[in-house]
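Me: I'm new to this structure and would like to learn how to read it. Could you walk me through how its helices pack and what sits around the ligand?

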Amino acid sequence: MNSCCVIGLGYIGLPTALLASKAGLRVFGVDINKEIIESINNGKCHIQEPGLNEIFTEVVKSGLLTAHLKPVEADIYIIAVPTPIFKKQNNIPLPNTDIVFQAIDSILKVIKEESLIIIESTSPTGTSQKIVQYIKSKTDFQLNKINIAYCPERVIPGNTIYEMINNNRVIGGINEESRNRSKKFYEYFCKGEIITTDANTAEMVKLAENAFRDVNIAFANELSMICSDLKIDTEELINIANNHPRVNILSPGCGVGGHCIAIDPWFIAAQSPNKSKLIQTARKVNNEKTKWVISKIKEQIDELSIKLSKPPIIGCLGLSFKPNIEDLRESPALLITTELIKHGYKILSCEPNIKSHPKINLSNLDEVIEKSDILIFLVAHNCFKDLNLSEKKIIDVCGITKKKF
Ligand code: SAJ
């Protein structure tokens with residue numbers, strides 16, 4: 001094994017391509033976005049993550065990683081493209097694997113019977129088996145010669161490189177050879193344990209992990225709304241409850257964002273709509289929590305406005321889906337800011353991790369602090385910590401001032 005071709009150079013594909021090339025493999029990175037391809041080949045990294053830029057510079061300079069608009073022949077093909085959710089059926093959003101199949105289409109011209117295809121994209125259970133049948137229908141390959149493994153990414157945005165190297169990995173091969181060859185590939189850069197299983201189980205493991213977290217965050221969010229009614233400090237309650245050796249309640253927040261935990265549970269719900277009541281309810285509770293936070297913010301703004309005796313200028317601090325990252329996908333903070341703008345409040349918004357936003361005018365932190373009458377902390381970015389704001393009215397929904405509601 002000397003080369004691999006990574007299809008999709010986003011949050012997962014690019015770091016995977018970088019680590020494989022740093023380990024000495026010849027890597028062809030492929031994306032349909034021309035700007036990404038040009039940027040990589042010009043030595044400019046389009047994704048920010050701790051430790052990523054250093055590896056990027058090294059492997060692009062050495063020539064081990066090059067970027068292309070079309071797949072290039074290699075020993076292994078890694079599919080790391082998005083699987084969005086689209087239209088709803090009976091109120092359940094359905095996963096859409098079209099982009100994964102388009103990626104498979106794109107490699108059909110270059111794959112050989114003995115090529116190994118690794119799917120990293122989050123996919124409904126059974127997708128790898130469908131891909132086998134699809135490739136069989138489009139080629140003259142023998143069914144038992146096709147090699148596919150489902151190897152879900154498990155990294156947390158903000159710590160991608162560290163986790164991609166150190167986390168345990170799950171490999172679900174459709175046969176022994178797919179499992180063994182995939183294991184060898186990940187051993188190039190993964191120091192964690194590599195656990196092998198069949199493809200269906202690996203697909204479900206990925207979905208179960210994110211649904212587990214969603215359900216547990218929903219429990220914390222539900223408790224926080226109950227505690228608010230009962231005038232109990234949720235944080236104190238959770239700290240005390242977590243003293244119990246078998247209790248570990250997660251932290252309530254202003255909803256669940258990101259392209260993973262807020263989406264993947266629907267993949268399970270779409271496949272088993274009648275058996276996934278808890279999973280579906282958790283999704284609804286977490287979405288409900290954002291609406292609850294919006295109504296609480298409005299109540300507080302209106303109370304503070306009376307004290308100020310004028311319509312206040314409101315500074316919204318943070319737009320990303322969690323602290324210290326640039327990712328705005330499914331972000332509760334973005335939804336809250338958008339709702340407040342729609343409601344007609346005078347809003348100034350600051351997200352230090354991005355340069356601009358198509359719908360929201362961004363201001364820098366100093367300007368927002370100086371001009372706002374009320375500051376709303378929506379995301380606990382490090383750069384928002386320890387600001388001297390004694391003169392300001394503050395609404396804190398992320399706990400940065402330790403006065404979270
Ligand atoms: N959140 C809470 N309370 C908590 C923890 C998180 O409200 O106690 C919120 C965050 O604010 C954020 C959302 O949940 O809005 C998700 O954040 P996260 O940091 O828990 O997870 P992600 O979405 O960044 O990454 C998850 C991870 N999955 C698990 O922890 C099971 C990661 O390992 C996966 O690789 C990733 O999804 C993915 O790509 O699937």
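Me: How do helix α8 and α10 pack, and at what angle?

Reply: Happy to help! This is a predicted model. To read a helix pair, begin with the angle and the distance between the axes. Helix α8 (residues 199-230) and α10 meet at an angle of about 115°, and their axes are 7 Å apart. Angles of 65 to 115 degrees count as roughly perpendicular, so α8 is roughly perpendicular to α10. The two helices have a left-handed crossing.

Me: Which residues in α8 and α10 meet?

Reply: From α8 come Met204, Lys206, Leu207, Ala208, Asn210, Ala211 and Asp214, while α10 brings Asp264, Pro265, Phe267 and Ile268. Sorting such a list by class is a handy next step. The contact of α8 with α10 has seven nonpolar, one polar and three charged residues.

Me: How is α10 placed against helix α11, and how far apart are their axes?

Reply: Let's take the angle and the distance again. Helix α10 (residues 264-271) packs on helix α11 (residues 277-308) at about 140°, with the axes 9 Å apart. That angle makes α10 oblique to α11. The crossing of α10 past α11 is left-handed. On the α10 side, the contact is made by Pro265, Trp266, Ile268 and Ala269, and on the α11 side by Ile279, Gln280 and Arg283. These divide into five nonpolar residues, one polar and one charged.

Me: What about helix α1 and helix α3: at what angle do they pack?

Reply: Try the routine once more. Helix α1 (residues 13-22) and helix α3 (residues 52-62) pack at an angle of about 55°, and their axes lie 9 Å apart. The two are therefore oblique to each other. Their crossing is left-handed. In the contact, α1 supplies Leu14, Pro15, Leu18, Leu19, Ser21 and Lys22, and α3 supplies Leu52, Ile55, Phe56, Glu58 and Val59. By class, that gives eight nonpolar, one polar and two charged residues.

Me: Now the ligand. How many residues surround the ligand, and which are the closest?

Reply: For a ligand, start with its neighbours, then turn to single atom pairs. Here 21 residues surround the ligand, and the closest are Glu153, Lys206, Asn210, Ser251 and Cys260. You have already come across Lys206 and Asn210, which belong to the α8 side of the contact with α10.

Me: Which atom of serine 251 lies 2.6 Å from the ligand?

Reply: It is a backbone N or O atom of serine 251, and its partner is a nitrogen atom of the ligand. Phenylalanine 321 also uses a backbone N or O atom, 2.9 Å from an oxygen atom of the ligand. With lysine 322, look to the side chain: an N or O atom there is 2.7 Å from an oxygen atom of the ligand.

Terms used: Residues are numbered from 1 along each chain as its sequence is written. This is a predicted model: local features need pLDDT of at least 70, side-chain atom pairs count only at pLDDT 80 or more; totals for chains, interfaces and linings use all residues. Side-chain values use heavy atoms; hydrogens and water are left out. Axes are lines fitted to C-alpha atoms, for helices over the stretch in contact, and angles run from 0 to 180 degrees between N-to-C directions. Helices (H or I, at least four residues) and strands (E, at least two) are DSSP runs, numbered from the N terminus. Angles under 35 degrees count as roughly parallel, over 145 as roughly antiparallel, 65 to 115 as roughly perpendicular and the rest as oblique. A crossing is left-handed if the near helix is turned anticlockwise from the far one by less than a right angle, and right-handed if clockwise. Contact means heavy atoms within 4.5 Å. Ala, Val, Leu, Ile, Met, Phe, Trp, Tyr, Cys and Pro count as nonpolar, Asp, Glu, Lys and Arg as charged, and the others, Gly among them, as polar. A residue is near a molecule or strand if one of its heavy atoms lies within 4 Å of it. A polar contact is a pair of N or O atoms within 3.5 Å; within protein, one must be able to donate a hydrogen and the other to accept it, and residues adjacent in sequence count only if both atoms are side-chain atoms.
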